[in-house]
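Student: Please take me through one loop of this structure closely, and then work outward from there to the rest of the chain. I would like one connected account rather than a list.

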Amino acid sequence: MKHSSSRLVTTIVDTLATTGCYVGPSLLSDGLTLRLSERLQWLESEGALQAAKVGRSSGARMNSSIRGDTTLWLDDAPQDEAEAAAVRVIDELREAVNQTLFLGAFETELHYAHYPPGAGYAQHVDRFGDDDARVVSLVFYLNQHWAQDDGGQLAIYEPAGALLQRVAPHAGTMVAFLSERFPHEVLAASKPRLSLTGWMRRRSPPRTR
Ligand code: OGA
Ligand code: MN
């Protein structure tokens, strides 16, 4: 377990170093992915998620025509064992990224995201005008049964604008890319679309929730 996961860490870091964008098997085990999926569904049913904002700090605002998801930030002290386990695994990746890529990513912020049917996130880059702290974007998909025609793909574009890849949001798939480089968009799905999404960050300005 420890061994195969550290091999995957190496693969992800090497891919980030060469192409800047990894799409492939998740660093989170199937069991952990399932627990996170169940926890997110429970949190969602309890009404714990809130409409996501576009932009940060004072300029942050809700705009459901740009993004239609609801989110819940994981705190620095996770409430749940599965979340704590995920944070540990992701931190291992962050340390490997720093050792190889010298990105100075000293912390990770993570949120659950839930897109209701029909919701998406228009094309964007994961750095807002007032925030250049995000260096690596991460998405761990938490959808146990996802069919091709359920939609909800992540479309990733080359910096110059050509389509690079469409990723179906299956549980067991993860995406990691250099935040400043790749525009991307979330296409609408026909059923709820779940993920754990996060960013490795350079420093820690106050976050607007
Ligand atoms: C985001 C985002 C991608 C996805 O939250 O900024 O682009 O596939 N998410 O959920
Ligand atoms: Mn994004």
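Tutor: F102 lies in the loop between α3 and β6 (107-115). The model is a predicted one, and what follows should be read with that in mind. The backbone at F102 has a positive phi of about 50°, although the residue is not a glycine. F102 counts as exposed because its relative accessible area is 68%, and the cut-off for exposed is over 50%.

On the helix side of this loop is α3, which spans residues 81-101 and contains Q99. Q99 is also exposed, because its relative accessibility is 62%. The C-alpha atom of Q99 is 9.6 Å from that of V13, although 86 residues separate the two along the chain.

L103 brings in a buried residue, L178, since L103 is among the contacts of L178. L178 belongs to strand β11 (residues 173-178). With a relative accessibility of 14%, L178 is buried, because buried means under 20%. Leaving aside neighbours within four places in sequence, L178 also touches L16, G20, V135 and V136. For V135, the C-alpha separation from L178 is 5.8 Å, with the two positions 43 residues apart along the chain.

On the strand side of the loop is β6, and the charged residues there come next. E109 forms a salt bridge with R201, with 3.0 Å between the closest N and O atoms. E109 is in strand β6 and R201 in strand β13, 92 residues apart, so this pair links distant parts of the chain. Both E109 and R201 are buried. The pair is part of a salt-bridge network that links E107, E109, R134 and R201.

R134 leads on to D126. D126 is in the loop between β7 (121-124) and β8 (134-141). D126 is buried and has no salt bridge; R134 is the nearest side chain of opposite charge, at 4.8 Å. Why does that distance not count? A salt bridge needs a side-chain nitrogen of Lys or Arg within 4 Å of a carboxyl oxygen of Asp or Glu, so the 4.8 Å between D126 and R134 falls outside the cut-off. The side chain of D126 does make polar contacts: one with the side chain of H184 at 3.2 Å, and another with the side chain of W199 at 2.9 Å. Beyond four places in sequence, D126 touches R134, S137, F177, S179, H184 and W199.

D126, H184 and W199 are also among the residues that surround ligand 1. Others in that shell include Y121, H124, V139, Y141, L154, V186, R193 and T197. Oxygen atoms of the ligand come close to polar side-chain atoms in several places. For H124, the distance from a side-chain N or O atom to an oxygen atom of ligand 1 is 3.2 Å. For Y141, the corresponding distance is 2.6 Å, and a polar side-chain atom of R193 is 2.8 Å from an oxygen atom of the ligand. The protein covers 98% of the 290 Å² of accessible area that ligand 1 has on its own. Two or more residues of the shell come from each of β7, β8, β12 (184-186) and β13 (193-201). The largest share, three residues, comes from β13, the strand that also holds R201.

The loop that holds D126 has a charged pair of its own. R127 and E180 meet in a salt bridge, 3.2 Å from N to O. This pair also links distant parts of the chain: E180 is in the loop between β11 and β12, R127 is in the loop between β7 and β8, and the two positions lie 53 residues apart. E180 is exposed at a relative accessible area of 54%, while R127 is partly exposed at 21%.

Back at the helix, the loop between β5 (70-73) and α3 contains D80, which forms a salt bridge with R39 at 3.7 Å between the closest N and O atoms. R39 is in helix α2 (residues 30-45), 41 residues from D80, and R39 is buried at 16% relative accessibility. In total there are ten salt bridges.

For the protein as a whole, there are three helices and 13 strands. Of its 209 residues, 49% are buried. Among contacts with a separation of 6 or more, 78% are between residues 24 or more positions apart.

Technical notes. Residues numbered from 1 in each chain as written. Chains lettered and ligands numbered in written order. Predicted model: local features only at pLDDT ≥ 70, side-chain atom pairs only at ≥ 80, totals over all residues. Heavy atoms only, no water. Helix = DSSP H or I, 4+ residues; strand = E, 2+ residues; numbered from the N terminus. Buried < 20%, exposed > 50% of the residue type's maximum accessible area, 1.4 Å probe, protein only. Lys, Arg positive; Asp, Glu negative; His and termini not counted. Polar contact = N/O pair within 3.5 Å; in protein donor to acceptor, adjacent residues only side chain to side chain. Contact = heavy atoms within 4.5 Å. Near = heavy atom within 4 Å. Areas by Shrake-Rupley, 256 points an atom, 1.4 Å probe, with all protein chains shown as cover.
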